[in-house]
Amino acid sequence: MSSTGSCGPPERVGETVQTLAYGEWPSPIDAATAAAHDGSPEFVGFVGDEVWWTEPRPAEAGRRALVRRHADGTEESVLPAPWNVRSRVIEYGGRPWAGTVGDDGSPLVVFVHFADQRLYRFEPGGEPRPLTPVSPVGQGLRWAEPVLLPERGEVWCVLEEFTGDGPGDVRRVLAAVPLDGSAAEDRGAVRELSDGRHRFVTGPRLAPDGRRAAWIAWDHPRMPWDGTELLVADVTPDGTLGEARTVAGGPEESVAQADWSHDGRLLYASDRTGWWNLYRDGEPLCPREEEFGGPLWKLGHRWFAPLDGGLVAVLHGKGALALGILDPETGEVVDAAGPWSEFAACLAAHGERVVAVGAGPRTAHEVVELDTRTGRARVIGAAHRDAVDPAYYPEPQVRTFTGPDGREIHAHLHPPRNPDCTGPAGELPPYVIWAHGGPTGRVPLVLDLEIAYFTSRGIGVAEVNYGGSTGYGRAYRNRLRGQWGVVDVEDCAAVALALADEGTADRNRLAVRGGSAGGWTTAASLTTTDVYACGTIIYPVLDLTGWSSGETHDFESQYLETLIGPLAEVPERYAERSPTTHADRLSVPFLLLQGLDDVICPPVQCERFLNRLAGRGVPHAYLTFAGEGHGFRRAETMVRALEAELSLYAQVFGLKVPGVPVLELGT
């Protein structure tokens with residue numbers, strides 16, 4: 001798969017390892033290989049006894065396929081292209097499908113199609129039939145977190161309805177959609193279940209007897225990791241919801257998920273102690289300084305799943321999340337055995353069976369089933385297959401660095417690694433600091449061929465879980481309150497300089513890169529520090545005043561109230577922190593990558609930044625991609641972006657990288 005020759009086969013006795021400059025090592029991991037393995041399975045669930053999930057298709061215009069695992073273990077993509085099972089609710093989306101089996105044992109599935117955001121009914125062997133109408137108002141009607149109730153002839157879900165053309169002209173309620181298709185052209189046939197008094201709601205979770213429903217709600221300016229309310233309402237015999245009552249949560253308490261135990265007791269994850277821990281009817285089940293929950297970026301994230309016998313499948317840990325089984329009576333957690341060190345927030349359970357999505361430093365995300373009797377887990381879907389010899393993968397290190405004021409900074413270090421090559425004696429490798437998005441998030445320590453694309457060529461990568469990241473408790477998360485553009489920038493710089501000081505990285509060949517909030521941190525780093533020789537800025541926030549004044553979507557439209565401060569009180573801080581304001585300070589080359597369909601961080605942010613930079617003679621390139629939104633999904637986009645990034649580093653660091661198109665840097 002390499003187009004640049006070879007230094008010989010991987011690590012075999014008697015082979016000669018060549019000495020080549022860092023960054024110039026031939027690698028079998030080209031950009032197309034990395035792009036083909038981008039993304040992971042998501043939203044696993046059961047349809048009867050079968051496991052289904054969504055899966056990325058970079059080569060098919062980036063669509064999400066719905067995959068079915070048959071009883072014999074074979075996998076089938078049940079909907080052909082261009083069907084794209086993905087919701088746009090709150091723009092980051094949510095669980096887009098649900099399934100059950102009919103009396104004859106055949107599957108009945110409902111799903112959201114990305115292109116029109118309608119909810120569809122599908123039975124394998126037939127064609128999908130729309131259940132919801134298209135609205136001409138604003139961005140229309142959207143749906144997420146469906147719950148199939150065939151006995152009622154309905155599917156209950158979250159409805160996001162635009163009432164005007166602006167991004168904030170929107171309301172969200174729980175709604176019941178008829179399964180017979182009678183609402184396919186009639187908005188009036190959709191039955192609203194909640195009163196719309198909260199700006200944001202998650203999907204309903206029904207108690208086993210069907211008599212109560214629980215869901216989570218919150219309002220501006222809070223984000224769901226700041227404070228939410230857990231609501232419970234009685235379900236009347238005619239299928240309406242009684243008055244909702246708040247049973248947990250508040251302005252400084254985040255309830256991340258709720259569900260019901262097999263015997264009808266309310267389970268939920270709350271961070272009232274500073275850590276997301278599990279509670280049952282208000283009583284703690286396993287109080288620890290660990291997380292049993294996380295940030296609710298997508299509706300339908302699930303960190304725990306109750307089992308029929310009373311046990312609870314959980315994801316838990318400090319930093320990385322392990323998969324375990326919690327006994328609520330003893331508080332004991334027994335972790336699953338296997339090679340996966342990280343699990344994504346998409347647990348599902350059926351009877352005593354548990355399915356999850358796990359990964360590790362040498363394993364990409366795959367669908368895993370846990371046998372709760374033995375504690376053993378096995379891969380049952382989207383199985384990882386090495387695209388190249390694993391000898392070319394990095395061997396990451398979990399590191400903790402010391403930042404300003406002695407604070408801890410968590411990071412993952414991926415040193416250069418190639419079995420065929422070594423760097424010259426006395427030479428240190430270049431390193432790229434990766435700032436994750438969010439910023440309320442965390443980068444997991446898993447196999448990422450984009451990272452291996454660089455490390456196998458002799459360029460190190462350090463992923464920084466800077467202050468504000470999740471996984472380390474609320475206090476660590478709150479470090480970023482009012483300090484976005486300060487703490488994140490300082491923490492990334494502290495890691496970069498520590499790597500140089502300890503003799504791991506070349507001080508003169510440090511770069512920084514990131515997307516979304518990581519793009520902000522990258523741009524802020526380049527305009528306020530002299531640490532980096534260049535940077536790659538991907539679909540970023542660059543102008544806080546514009547972003548907070550109608551240039552982004554509703555979900556994050558008041559995020560800056562906590563990250564920066566109340567706009568009405570500190571408007572000058574919004575200007576002072578923005579990289580656009582300080583474009584004149586930028587003096588090193590950079591690459592700017594942007595999707596033209598991005599409504600979260602729109603192209604106008606990049607254009608304004610570049611206009612401020614015009615005529616200053618700073619080498620840079622601005623690449624835009626039609627059809628791409630927030631997060632690149634198409635293979636051809638990812639290939640172009642990755643090769644452009646490598647070419648930037650090659651030019652700045654003085655490297656020869658044959659076979660990679662030269663990125664033209666203008667001024």
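Start with the salt bridges: this predicted model holds 46 of them. A few are worth visiting one by one.

Select Arg142 and Glu160 to begin. Their side chains meet in a salt bridge, at 3.3 Å from N to O. Arg142 sits in strand β10 and Glu160 in strand β11 (residues 154-162), so the pair ties together parts that are 18 residues apart in sequence. Are these two charged residues buried or exposed? Arginine 142 has a relative accessible area of 1% and is therefore buried, the cut-off being under 20%. Glutamate 160 is buried as well, at 1% relative accessibility.

Now step along strand β11 to Glu161, and add Arg171 to the selection. Here the closest N and O atoms of the salt bridge are 3.1 Å apart. Glu161 belongs to β11 and Arg171 to strand β12 (residues 170-178), so this bridge ties together parts ten residues apart in sequence. Glutamate 161 counts as buried at 14% relative accessibility, whereas arginine 171 is partly exposed at 27%.

For a longer reach along the chain, select Arg509 and Glu427. Their side chains form a salt bridge of 3.3 Å, N to O. This pair links distant parts of the chain, 82 residues apart: Arg509 is in the loop between α4 and β37 (510-515), and Glu427 is in the loop between β34 (421-422) and β35. Arginine 509 is buried, with 11% relative accessibility, while glutamate 427 is partly exposed at 24%.

Before leaving the charges, show Arg88, Glu91, Arg142, Glu160, Arg172, Arg199 and Asp554 together: salt bridges that share partners join them into one network. You will recognise the Arg142 and Glu160 pair from the opening stop.

Next, go to strand β10 (residues 141-149) and pick Glu145. Its phi is near 50°, a positive value in a residue other than glycine. Glutamate 145 counts as buried, at 11% relative accessibility. Isoleucine 90 also has a positive phi, near 50°. To find Ile90, look in the loop between β5 (75-77) and β6 (97-101). Ile90 is buried too, at 3% relative accessibility.

Two proline stops follow. What is the peptide bond from His220 to Pro221, cis or trans? The bond is cis, with omega near 5°. Pro221 lies in the loop between β16 (212-218) and β17 (229-234). Then jump to Gly438 and Pro439, which are joined by a cis peptide bond with omega about 0°. Pro439 is found in the loop between β35 (431-435) and α2 (449-455).

Finally, turn to the nonpolar interior. In soluble globular proteins, nonpolar side chains tend to be buried together. The largest nonpolar core here has 109 residues, and those with the most contacts inside it are Ile433, Trp484, Tyr532 and Phe590. Colour helix α4 (residues 487-501) as well, since this helix gives the most to that core, with seven residues.

Centre the view on Phe590. Which residues surround it, leaving aside its neighbours within four places in sequence? Phe590 is in contact with Leu526, Gly535, Ile537, Phe609, Leu610, Leu613, Val618, Pro619, His620, Ala621, Leu648 and Leu665.

For a last selection, choose Ile29, Leu447, Ala511 and Leu623: they are among the members of a second, separate core of 43 residues.

Conventions
Residues numbered from 1 in each chain as written. Predicted model: local features only at pLDDT ≥ 70, side-chain atom pairs only at ≥ 80, totals over all residues. Heavy atoms only, no water. Core = buried A, V, L, I, M, F, W, Y, C linked by side-chain atoms within 4.5 Å. Buried < 20%, exposed > 50% of the residue type's maximum accessible area, 1.4 Å probe, protein only. Helix = DSSP H or I, 4+ residues; strand = E, 2+ residues; numbered from the N terminus. Contact = heavy atoms within 4.5 Å. Salt bridge = Lys/Arg side-chain N within 4 Å of Asp/Glu carboxyl O.
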